[in-house]
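Student: Could you take me through one part of this model up close? I'd like to hear about one of the chains and how it meets its partner.

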Amino acid sequence: MLLAVLAIPLVGAALLWRATNRLATTLHAVTAASTLAAGLAVAVMVNAGETLVAFDGLLRADALSAWMIALIGIVGGLAASEAPRYVVPGEPRRFYPLFHLFVFTMLLAVSTDDVGLMWVAVEGTTLASVFLVNFERTRASLEASYKYLLICSVGIAIAFLGTVLVYFAGIQQFGDETHALRYTTLLRLAPGLSPRVIELAFVFLVVGYGTKAGLAPMHTWLPDAHSEAPAPVSALMSGVLLSVGVYAIARFKPAVDAAAGPTFARGIMLTLGLLSIAVASAFLWTSPNYKRALAYSSVEHIGLVCLGLGFGGPVATAGALLHVANHALAKSAGFLMSGRIRAAYGSAEIGSVRGVMKHMPRTGAAFLTSILALVGLPPFGLFVSEVMIFAAGFKQGFPLVAGIALLLLVIAFAGLLRGVHHILYGAPAGEPVAEVAGWPSVVPVAAALGVLLLTGLAWPPGFGEALDRLAAIVSP
Amino acid sequence: MTTASNLLTFLCLAITLLIVWRRSWPARLRLFAAQSLLLAILAGTIGVLAQRRGLFLVAAVVVVVKVWAIPRVLARIGSGAPVRPIAPGRSSGIALLVAGALVVAAYVVMLPVTAAAELPTGGAIPLAFAMALIGLALCVTGRDALSHILGFLVFENGIFGLAILATYGLPGIVEAGVFLDVLVIVLIMEAVVVQVRREHASIDVDRLRELRG
């Protein structure tokens, strides 16, 4: 099953390279749907207590991997349902194949046991998505893709340096360990590794993968790439690509904790998390563009996840991992709706869009709902995961960090809502814009928001236990 | 082995400083190719002395990718770019001074690694790291796309050198991934630069200033 979930998007991408028009759209839909199905199947199998392994352990899916695989499948399906709107018939421009290649690289990154292969896959995500960012080929999107490629390549090279140092520490201590780059091995050997080397390695890893995750101050590529990319790509990037960066950090964290004690990684994570939230809440007030505002909101939420991982312990870690999923669903829904608004009004500037609620009631309602979820209002899941993170933070003796973060969150909350209010309810100016699609087109997004209600109001039976198992992997 | 690795890595670092100093694009490109060749020799030498056959393959790939293919692509990108005049207030002297400071910083940062290193090549690790740091600085402070790419490649060379010195090379799948990545990045950069040139009639990224806030 693990092989299937990787093979489907890869084969799909290969087939789509040649396909055109109707055939391409059908193939695209089939690929996305089967990736989603396979991803959910992996999650179910792993949740039943099975750890999936392939290629002599090179590929390995434990509960954390399965969580990410399912998430990538879901957000991938959501984004795929919106993609045909952005593909001009007769001019495929390689959108579909790159889309699925992008999904494949993310899936590979979270389903391998080898941190070297994970590095290759994360780098692959940049290469697969850089042309997707520049899909509209405007000056702004060109600039965004250039920045994206350059900053993320440098970042990921720094992560490679960290990986090299981890490998170095492993073989110094234990000679030629054949699988010294496997994190299962790493975790086993961790207590004997040189703490100073591991600390240095972790700094490089956090800077490197943190660039990909969009943590401040390495986030500078993110608002550009997210706002210039077509909405389905923004949804994928914001929803799961950032989380893949966080996943990479979370994979190394237990080994670092075992080698160097928990305070070292915690200090770094809390600092970067707080800084990210601070930067995001400031820019949420000044951003003149609603897609950029959504992008800064991603920086804020990744900062929150980082904070949760930094606090550590079962509750905060479970909260952080749940927050990853909640944010992925809410943010991808928000980006997809913002793409429709942008297509209808021809502008992503907050100043030039108003009265969406009147002209496009369905899109507007879905957009508003996702924003309300994003700012952390109950009854949506983000409220629950934020409460978990902050409660644990206060309880475990970090009242100052948690207090400041909470204050910043309120500032971000107001900043985001201010812009959105203007877009949705401002007095309609100019010609009315007709809603382009009927009810069925909102169904995928509504389903995502429905899941958010589920994680916010009523956890299905066994969900709490599954989250505990996840948290135990990152914070044993 | 210690002498050979120290000498070769030191030469690589010296070339890095020359890249910082020189302003003409073809000269910098030749220096980069020479640096990559030295790295290939380093990999080969360690391969012989430590009896690691895998490193011969790595050295061969370095020659093909970094000594031959990438400089060709970069020359194609750079053809037509005017020899960059030194901007007022930005002399090579200060850049070299910064590079010197980075070498010292590299020794300080790498202290725990050199302390833990047991391989005979361990002494050269800070030199390779200094190379990486200077490349990073070149990349970050670069004013045009070519400087960005070159800085990135020097940075990557430094990390590659460090990996060989510290671990005698990573497992094959990772090394292969690294080379593929570097090559693809350069090719994508070429595509992007071609488009930048078409749009802006220059490869001066200072003109990329639309996205703010």
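Tutor: Sure, let's take chain B, bearing in mind that this is a predicted model. Start with its contacts: among those in chain B between residues at least 6 apart in sequence, 70% join residues at least 24 apart. As for burial, 45% of the 213 residues of chain B count as buried. The secondary structure is quick to list, with 8 helices and 0 strands in chain B, so to read the elements from the N terminus on is to read α-α-α-α-α-α-α-α.

Now for the side that meets the partner. Here 35 residues of chain B are in contact with 36 residues of chain A. On the chain B side, at least two residues each come from α5 (111-116), α6 (125-141), α7 (145-167) and α8 (172-200). The top contributor is α8(B), which gives 13 residues to the side of chain B that touches chain A. Sorted by class, that side of chain B has 25 nonpolar, 5 polar and 5 charged residues.

While we're at it, have a look inside chain A, at a helix pair. The axes of α3 (residues 63-82) and α10 (residues 231-260) of chain A come within 8 Å and cross at roughly 170°. Angles over 145 degrees count as roughly antiparallel, so α3(A) and α10(A) are roughly antiparallel to each other. Residues making this contact include Leu71(A), Ile72(A) and Val75(A) from α3(A), and Ala235(A), Leu236(A) and Val240(A) from α10(A). By class, the contact of α3(A) with α10(A) has 13 nonpolar, 3 polar and 1 charged residues.

Methods: Residues numbered from 1 in each chain as written. Chains lettered and ligands numbered in written order. Predicted model: local features only at pLDDT ≥ 70, side-chain atom pairs only at ≥ 80, totals over all residues. Contact = placed C-beta atoms within 7 Å. Helix = DSSP H or I, 4+ residues; strand = E, 2+ residues; numbered from the N terminus. Nonpolar A, V, L, I, M, F, W, Y, C, P; charged D, E, K, R; others polar. Axes fitted to C-alpha atoms, helices over the stretch in contact; angles between N-to-C directions. Parallel < 35°, antiparallel > 145°, perpendicular 65-115°, else oblique. Buried ≥ 20, exposed ≤ 12 C-beta atoms within 10 Å, placed from the backbone.
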